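Biologist: Could you put the structure up and take me through it piece by piece? I may jump around a bit.

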Amino acid sequence: MFTKTFSIVIGALLSLAGVGSANEAEPTQFTIRLENTSKPDAFTAANGTKWSLAFSPGTAVVHTEKSVIFTSGKKDRGQGLEAQSEDGDPSTLARSLAGAKGVKSVTVFNTPVNANAPGPITPGAAYEVTVSAIPGDRLTITAMMGQSNDWFYAPAESGIELFKSGSAMSGDITSQLSMWDAGTEVDQEPGIGSEQGPRQKSANTGKAENGVVHKVQDGKSYSKPSEVMRVTITPVMPAM
Ligand SMILES: [Ca+2]
Ligand SMILES: [Ca+2]
């Protein structure tokens, strides 16, 4: 009697394990929302000019390897992070990353929610993008700090874990982002620099920096993602 019960229990456990692994092989879809929570004219330059913060189009990259886009303390790899950070143009970066080792997908986001055309997100506006992933996958998103020479928002180079102990991540992930300097263009004062995104005469204009990718930690609110943006991730339940 005991033996029979035992084998029934084992059989049930085995079939549960089978169901579990089938579910794990099924990718989870995630909606990522990046919202500009800053206020219009929130910032004042040294010369008294008021300016608003905007974030550029960017990439949402699902990857398995760490450091697929940059390495902190090393020079930019020349794969498009420069155009992302200086001009708010993620297209070259997206092309370089597509099919790269350890990269599973690259999705460009460039059109704000409820807008008809690509453009930056101004205060109150948001981008939304959907990616799919399985346990073990990581997420990196990139977007330019639009009033800078070469600053971009991204998580640490290892990316954000999309699953914890097999469960899909959900909620506010803003605290996992930082603001980085790509080390490719010499910085001017944010919001008024003549060679910055909104004011430069054409793309890729400005004094070359020949520096390394590094975090910007100047104490300003726009350098702290949680003070100027909200990034949330929501697993989308599969249709039954
Ligand atoms: Ca710089
Ligand atoms: Ca520039």
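Modeller: Let me start with P112, which lies in the loop between β5 and β6, where strands (E, at least two residues) and helices (H or I, at least four) are DSSP runs numbered from the N terminus. This is a predicted model, in which local features need pLDDT of at least 70 and side-chain atom pairs count only at pLDDT 80 or more, whereas totals for chains, interfaces and linings use all residues. Residues are numbered from 1 along each chain as its sequence is written, chains are lettered from A and ligands numbered from 1 in the order in which they are written, and side-chain values use heavy atoms, with hydrogens and water left out.

Biologist: Is P112 buried or exposed?

Modeller: P112 counts as buried, at 11% relative accessibility; buried means under 20% relative accessible area, exposed over 50% and partly exposed in between, with a 1.4 Å probe and protein chains only. Its C-alpha atom and that of L34 are separated by 9.6 Å, although the two residues are 78 residues apart along the chain.

Biologist: And what's the order of the strands in the open sheet?

Modeller: The order is β6-β1-β15-β12, four strands with antiparallel pairing, where two strands pair if DSSP finds at least two bridges between them. The edge strands, each pairing on one side only, are β6 (126-133) and β12 (171-172). Strand β1 (residues 28-36) is joined to β15 (residues 229-236) by eight bridges, and β1 also pairs with β6 over eight bridges.

Biologist: Which residues does F30 face in β6 and in β15?

Modeller: F30 has V131 as its bridge partner in β6 and stands opposite P235 in β15. I32 is matched with I233 in β15.

Biologist: Switching to β8: which faces of it are covered?

Modeller: Both faces are covered, with W151, Y153 and P155 buried on one side and F152 and A154 buried on the other. Strand β8 runs antiparallel to β13 (residues 177-181) through five bridges, Y153 having M179 as its partner there. Two bridges join β8 to β7 (residues 138-145), and these two strands form a hairpin with five residues between them. M144 stands opposite F152 in that pairing.

Biologist: What does W151 do as an aromatic ring?

Modeller: W151 pairs with Y222, and the pair counts as stacked because the ring centres are 6.3 Å apart and the planes lie at 25 degrees; rings of Phe, Tyr and Trp (its six-membered ring) pair if their centres lie within 6.5 Å, and planes under 30 degrees apart count as stacked, over 60 as edge-to-face and the rest as tilted. The two residues are 71 residues apart, with Y222 in the loop between β14 (214-215) and α4 (225-228), and both are buried. Ring pairs link W151 and Y222 with F43 and W51 into a cluster.

Biologist: OK, metals. Which residues hold the calcium ion (ligand 1)?

Modeller: The protein donors are D150 and D181, each listed with two OD entries, together with E185 (O), D187 (OD) and E209 (OE), at 2.3 to 2.6 Å. Donors here are N, O and S atoms within 2.8 Å of the metal, or 3.2 Å for Na, K and Ca, and water is not among the atoms, so sites may look incomplete. Along the chain the spacing is D-x30-D-x3-E-x1-D-x21-E. E185 is buried, at 2% relative accessible area, whereas D187 is partly exposed at 34%.

Biologist: And what coordinates ligand 2?

Modeller: That calcium ion is coordinated by E185 (OE, listed twice), E195 (O), Q200 (OE1) and T205 (O), at 2.2 to 2.6 Å. E195 is partly exposed at 25% relative accessibility, and Q200 is buried at 12%.

Biologist: Last one: how much space lies in the second largest pocket?

Modeller: About 200 Å³. On a 1 Å grid over the protein atoms alone, a pocket is an open set of points where a 1.4 Å probe fits, with protein on both sides within 12 Å along at least five of seven lines, and lining residues have an atom within 4 Å of a point. The volume is the space filled by probe spheres set on the points, which are joined across faces, edges and corners. Among the 14 lining residues, S56, P120, M144, G146 and P198 are the closest to the centre, and β4 (residues 55-63) gives the most to the lining, with three residues.
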